[in-house]
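This report describes a single protein chain in terms of its overall make-up, its enclosed and open spaces, and a few selected residues. The sequence and the model are shown first.

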Amino acid sequence: MARKEGGSRPMSGNEMDTLNHGASAAEPTADVVEYHPVPDPGVEPHVERWTDANPAAAARAARQVITMLAISMLCSLAFVVSYFAIPRENFVNFGPLHMSALNLALGLFGGLAVLLIGFSCIHWAKQLMGDEEIQQERHPMASSQADVEEMAGEWNKGVADSGIGRRKVIGGMLAGAAGLVALPAVVTLADMGPHPGKGTRAATIEKTIWAEGVKLVNDITWKPIKMADMEIGQLVNAEPENLEHLAHDDPAAFQREKAKAAIIIVRMDPNSIKVPESRKDWQVNGILAYSKICTHVGCPISLWEQKSHHLLCPCHQSTFDLGDSGVVVFGPAARSLPQLPITTDAQGYLVARSDFTVPVGPSYFERDSRNDYKKGDN
C-alpha cells in the first residue's frame with residue numbers, strides 16, 4: 001500500500017479497494033511501500049548517564065557491584081558453615097514465632113547469596129554496561145547465514161559494551177559468586193541420607209532383619225507357617241516375625257524393613273527342581289524362600305507359573321526360574337533372585353537359617369556381585 005503524503009490521514013474505502021485490486025492484479029512496484037497509520041517516532045534522543053560522564057561515578061558503581069558479589073560469596077560459605085556448625089535441635093524465638101535456628105540460617109544466607117548476584121547484575125547493567133538505544137525491524141523466524149553472522153557480531157559488540165574485557169575484576173567476582181552459590185545446593189544433598197560408603201551400605205541396604213531362628217509368617221495374618229501346611233504348587237507372601245513389633249514402635253523403620261525383607265515361599269516337587277550342593281540345606285522338602293523384590297528395578301513380584309516354576313515380574317517381564325536357584329531366564333534383570341536359607345524348628349514351623357547371603361533388590365555399581373548365584377554354580 002502506498003504511503004499517503006501530508007500526514008497520517010486514514011485511507012478511504014475506495015482507496016483501499018483500489019489498492020487491493022491493484023495488488024492482486026500485478027506484482028507490487030518499487031514505489032509501493034507499507035502504509036503506517038501512525039508515523040514512526042524513531043529513537044528518542046540519547047541522554048548520557050552520570051556514570052558515563054563521570055569516571056569517578058563509574059568507579060564507584062563498579063565497587064558496589066564487586067562488593068555485592070563478594071558478600072554473595074561470603075553468604076554461600078556461611079550457608080555451608082551453618083549447615084555443619086548449627087545443631088539441629090537449636091531454635092530461636094521471634095515473639096510468638098518459634099523456628100529452627102538451622103533453617104533460619106540456611107534460608108537467610110542462601111537467599112542473600114542468590115539475591116545479591118541478581119542485584120549486582122542489575123546494577124552492573126544499569127550503570128556500567130552499554131547504554132545506547134537501538135531499534136530493530138522484525139525478521140522471519142528462520143535466520144539466514146547473514147543474520148547469524150550479524151548476530152555473532154552484535155554479541156561480540158555487546159560483550160565489548162559490557163566492559164567485561166576492561167573490568168576483569170567484576171567478571172571474576174561474578175564467576176566466583178555464581179560458582180559458590182551452587183555450594184548450598186550441593187551440601188543439602190547430604191540430607192538425602194547417609195553417605196553410601198561400604199560400611200554404611202553393609203549396615204543398611206545390604207542387610208535385612210532376617211536372622212537365624214526368625215519365623216516366616218504370612219504377610220497379612222502374621223501367622224507362622226508350618227511345613228506341613230504348604231502344598232505343592234502353592235505360593236505364599238511372607239515377612240519375618242520380628243517385623244510386626246516395628247509397626248508400633250517405629251513406623252518409618254517398619255516400612256523400610258518390610259520393603260527389604262519381603263519374601264515369597266513356594267513348594268515344588270523335590271524331584272522336579274535343581275538344588276546345587278551349596279544350597280542343599282537351604283530348602284525343606286521342596287519348600288524354598290526367595291526375595292520378593294525384582295533384581296532389575298525393585299518391583300514386587302508374585303506372578304507364579306506352577307508348571308514351569310517361573311516367577312514373572314509384572315513391570316518389565318523379567319522371569320526367574322525358582323526351580324533352578326532363581327536364575328534369570330528372560331528379561332532385563334541381570335542377576336538371580338536372592339534365596340533365603342530356611343529350615344524348620346522343633347514345632348515344624350519354617351524359620352530362617354540366616355539373613356540373605358547377597359543384597360536384595362535392584363543392582364547398583366558399588367556392590368560386590370561375586371556371591372550371586374549363576375546358572376551352573378554348585
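A residue counts as buried when its relative accessible area is under 20%. Ile-293, in this predicted model, has a relative accessible area of 12% and is therefore buried.

**Overall make-up**

The protein has 378 residues, of which 32% count as buried. Its secondary structure consists of 10 helices and 13 strands. Among contacts with a separation of 6 or more, 63% are between residues 24 or more positions apart. The accessible surface is about 23100 Å², and carbon and sulfur atoms contribute 59% of that area.

**The second largest pocket and Ile-293**

The second largest pocket has a volume of about 260 Å³. Its lining includes Thr-204, Ile-205, Arg-256, Glu-257, Ala-259 and Lys-260. Ile-293 also belongs to the lining, as do Val-360, Gly-361, Pro-362, Ser-363 and Tyr-364. By class, six of the lining residues are nonpolar, three are polar and three are charged.

Ile-293 sits in the loop that runs between strand 6 (287-291) and strand 7 (303-305). Beyond its neighbours within four places in sequence, Ile-293 is in contact with Ala-259, Gly-298, Cys-299, Leu-337, Gly-361 and Pro-362. Among these partners, Ala-259, Gly-361 and Pro-362 are also lining residues of the second largest pocket. Leu-337 is 44 residues from Ile-293 along the chain, and their C-alpha atoms are separated by 8.0 Å.

**The largest cavity and Asp-372**

How many cavities of 30 Å³ or more are there? The count is one. The largest cavity holds about 40 Å³ of space. It is lined by Arg-279, Arg-335, Ser-336, Leu-337, Pro-338, Gln-339, Val-358, Asp-372 and Tyr-373. This lining divides into four nonpolar, two polar and three charged residues. Leu-337, a contact partner of Ile-293, is thus one of the residues that line the cavity.

Asp-372 lies in the segment that follows strand 13 (350-352). Is Asp-372 buried or exposed? Its relative accessible area is 8%, so Asp-372 is buried. The side chain of Asp-372 makes a polar contact of 3.0 Å with the side chain of Arg-367. Setting aside neighbours within four places in sequence, the contacts of Asp-372 are with Arg-335, Val-358, Arg-367 and Asp-377. Of these partners, Arg-335 and Val-358 are found in the cavity lining together with Asp-372.

**Two buried residues in helices**

Ser-72 is located in helix 3 (residues 55-85). Ser-72 has a relative accessible area of 0% and is therefore buried. The Ser-72 side chain reaches the backbone oxygen of Ala-113 at 2.7 Å. Ala-113 also appears among the contacts of Ser-72 outside its neighbours within four places in sequence, along with Leu-116, Ile-117 and Ala-177.

Trp-124 is part of helix 4, which spans residues 101-127. Because its relative accessible area is 5%, Trp-124 is buried. Its contacts, leaving out neighbours within four places in sequence, are Val-65, Met-129, Ser-162, Ile-164, Ile-170 and Leu-174. The C-alpha atoms of Trp-124 and Ile-66 are 9.5 Å apart, with the two positions 58 residues apart along the chain counted as their separation.

**Loop residues**

Gly-130 is found in the loop between helix 4 (101-127) and helix 5 (145-162). With a relative accessibility of 46%, Gly-130 counts as partly exposed. The C-alpha atom of Gly-130 is 8.5 Å from that of Ala-160, which is 30 residues away along the chain.

Trp-222 and Gln-317 each occupy a loop between two strands. For Trp-222 these are strand 3 (216-218) and strand 4 (235-240); for Gln-317 they are strand 8 (310-312) and strand 9 (319-321). Trp-222 has a positive phi, near 65°, and is not a glycine. Gln-317, likewise not a glycine, has a positive phi of about 65°. At 38% relative accessibility, Gln-317 is partly exposed.

The C-alpha separations given above are collected here.

| Residue pair | Separation along the chain | C-alpha distance |
|---|---|---|
| Ile-293 and Leu-337 | 44 residues | 8.0 Å |
| Gly-130 and Ala-160 | 30 residues | 8.5 Å |
| Trp-124 and Ile-66 | 58 residues | 9.5 Å |

Notes:
Residues are numbered from 1 along each chain as its sequence is written. This is a predicted model: local features need pLDDT of at least 70, side-chain atom pairs count only at pLDDT 80 or more; totals for chains, interfaces and linings use all residues. Side-chain values use heavy atoms; hydrogens and water are left out. On a 1 Å grid over the protein atoms alone, a cavity is a set of points where a 1.4 Å probe fits but cannot get out, and a pocket is an open set with protein on both sides within 12 Å along at least five of seven lines; lining residues have an atom within 4 Å of a point. Grid points are joined across faces, edges and corners, and a volume is the space filled by probe spheres set on the points. Ala, Val, Leu, Ile, Met, Phe, Trp, Tyr, Cys and Pro count as nonpolar, Asp, Glu, Lys and Arg as charged, and the others, Gly among them, as polar. Helices (H or I, at least four residues) and strands (E, at least two) are DSSP runs, numbered from the N terminus. Buried means under 20% relative accessible area, exposed over 50%, partly exposed in between (1.4 Å probe, protein chains only). Contact means heavy atoms within 4.5 Å. Accessible areas come from the Shrake-Rupley method with a 1.4 Å probe; for residues, only the protein chains shown count as cover. A polar contact is a pair of N or O atoms within 3.5 Å; within protein, one must be able to donate a hydrogen and the other to accept it, and residues adjacent in sequence count only if both atoms are side-chain atoms.
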